[in-house]
Amino acid sequence: MPEGQKLQFRKRILMFSVFLLISVFIWLLNALSKNYNSVIEYPLVYTDFPEDRVFMGDLPEHLNLRINAPGYAILRYKTFRKPVPISFKVSAFTFNRPGQDSTRAYILTRYLIDQVSRQLPTDLQLLEIKPDTLHFQFARQITRQVMILPDLQYEIDKQFTIKDGIILDPDSVEVTGPDLILDTLKHVYTVRTDIGNLSRDFSDRVRLKQVQDLEYSRSRVNCSLELERFTEVQFSIPVEVLNLPDTIALQTFPSRVRLTCNVGLSKYDRVEGSLIRAVVDYSDIEEETRLLDVDIQNIPVYLLSYEYSPKTVEFLKSRK
Amino acid sequence: MSRWGLTGGIGSGKSLVCQILEKLGVPVYYADKEARRLMNTDEELRHRIIDRFGREAYEGNGLNREFLATQVFGDEESLTSLNELVHPAVRKDFSDWAETHREAPYVVEEAAILFESGADRFLDGSILVYAPEELRIQRVMLRDDVDEESVRRRMMHQMDEEEKKQRADHVIYNDGKELLLPQVLTIHNRILNSNR
């Protein structure tokens, strides 16, 4: 293309661009002067909760406001305005309580329209607030003594056992919090603590595991455990027959089972084999039954582990 | 009335079979237990033991088992002579006992060393309770709370189980695989039928 034609083409492009820009500007002025419906987010802070109650659950951190305003007002608001959060005084509102339930309440947000409108620029007309309802879940604040349970991870050297269990001092803690939580709280646990492989007595302070919305009267307790050696004991336990009809005699073979168990030395004198029961159940017998399973019952808690033999017995059944 | 011997290695389950037989109404004579009783109560046997092993064989009114054990342990000749004193006394006692059970179809003498003592020669038949050696060792270790070595030491003085199987008229397998009761009932019925 010759040089003169090129220059002519550039002039035309420039002219076209200038008029295009003027057209867009005029169109924008025209568009922004019109009114539009739009949704804007408005931050919300809650204050002044009732003193005798504890608030539970989550509330929306902002309200969605549906507004009607000229385009330029919406643009200005969204671009430059950093809205001051609406301060929502919870106790200032009369709560609606579903079914006279004093722990729950709700507020219809349309009653906030006046308060919110005052905080908006005058050229923004507030049409609607979403959500239309704010739900509040309250609980009574109570205090209760709750047992503490240890959550320790450990291994113990062979030949040793824990003498009297894991001892916590104190063994309970005063807990304050919503009745909804405290009523169902059975125990407070210590923070899981790995104390490794034990071959000697252990003692340390351990932290209590926090539960959301609850406060403890102390954050740590003393935790200790004493080790002792254990020994093996054996019992010969007679086999009892459960559910035996009066008209039937049943003899098991063998008639006794041998029970072998481990017990800590401090409990050795306390071991009483006569409380332990070895039972078979007559009602387990069917036509083809030749062996009955032996079940061991009433094992004292201080017996660490047990093994018994035989696990099944043969039997002779006869009429009395 | 017939007389049967019942034997088996240590831990084979002789006592359990005897329990079943007693429940079936069969009188059972426990030779080892009665031998211990006779050594304390049979005056003639007592004198013979004192003659052979000395006054230390008894302390007070009872047998000095510890002393006798040290005398016969590892000494085959002493063990044989003690057995030669005790076994005839047991044999006679069993015979007297059996006479008191004449109404029974048959009686059983339980003895750990039935074949070794020759007692089987005076009986109408013999029953062996058999269990594999390893299983017997496990049972005795659990029952008596002893180690494997001491169980094996006690087994050394008993006849080989395979040889006993050859000599026994009936074998009851108490190996944990076969049920005991049906085997005992079968042998019990055979003996009853053979008596008719």
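Here is a short set of questions and replies on a predicted model with chains A and B.

Residues are numbered from 1 along each chain as its sequence is written, and chains are lettered from A, ligands numbered from 1, in the order in which they are written. Because the model is predicted, local features need pLDDT of at least 70 and side-chain atom pairs count only at pLDDT 80 or more, while totals for chains, interfaces and linings use all residues; side-chain values use heavy atoms, with hydrogens and water left out.

Me: How many residues does each chain bring to the contact, and what area is buried between chain A and chain B?
Reply: Contact here means heavy atoms within 4.5 Å. By that rule, 14 residues come from chain A and twelve residues from chain B. Buried area is the accessible area (1.4 Å probe) that two parts lose on being put together, summed over both. Carbon and sulfur atoms give 67% of it, and the total is about 1100 Å².

Me: Which residues of chain A lose the most area to chain B?
Reply: Three residues of chain A together make up 45% of what that side buries. They are Phe253(A), Glu314(A) and Leu316(A).

Me: How many salt bridges and how many residue pairs in polar contact are there between chain A and chain B?
Reply: A salt bridge is a side-chain nitrogen of Lys or Arg within 4 Å of a carboxyl oxygen of Asp or Glu, and the count between the two chains is zero. A polar contact is a pair of N or O atoms within 3.5 Å; within protein, one must be able to donate a hydrogen and the other to accept it, and residues adjacent in sequence count only if both atoms are side-chain atoms. With both residues at pLDDT 80 or more, the residue pairs in polar contact across the interface number six.

Me: Which strand gives the most to the side of chain A that touches chain B?
Reply: Strands (E, at least two residues) and helices (H or I, at least four) are DSSP runs, numbered from the N terminus. At least two residues each come from β17 (227-242), β18 (248-253), β19 (256-264) and β24 (312-319) of chain A. The most, three residues, come from β24(A).

Me: What is the strand order in the open sheet that holds β24 of chain A?
Reply: Two strands pair if DSSP finds at least two bridges between them. β18(A) and β24(A) pair in the antiparallel sense over six bridges, with Ala249(A) opposite Ser318(A). The edge strands, each pairing on one side only, are β18 and β21 (291-293) of chain A. The order is β18-β24-β21.

Me: Which helices of chain B pack on this sheet?
Reply: Axes are lines fitted to C-alpha atoms, for helices over the stretch in contact, and angles run from 0 to 180 degrees between N-to-C directions. One helix, residues 14-23, makes about 160° with β18(A), and another, residues 180-195, makes about 50° with β24(A). Each touches β18 and β24 of chain A; they are α1(B) and α10(B).

Me: Where does the cis peptide bond between Phe253(A) and Pro254(A) place its proline?
Reply: Most peptide bonds are trans. The bond joining Phe253(A) and Pro254(A) is cis, with omega about -5°. Pro254(A) sits in the loop between β18 and β19 of chain A.
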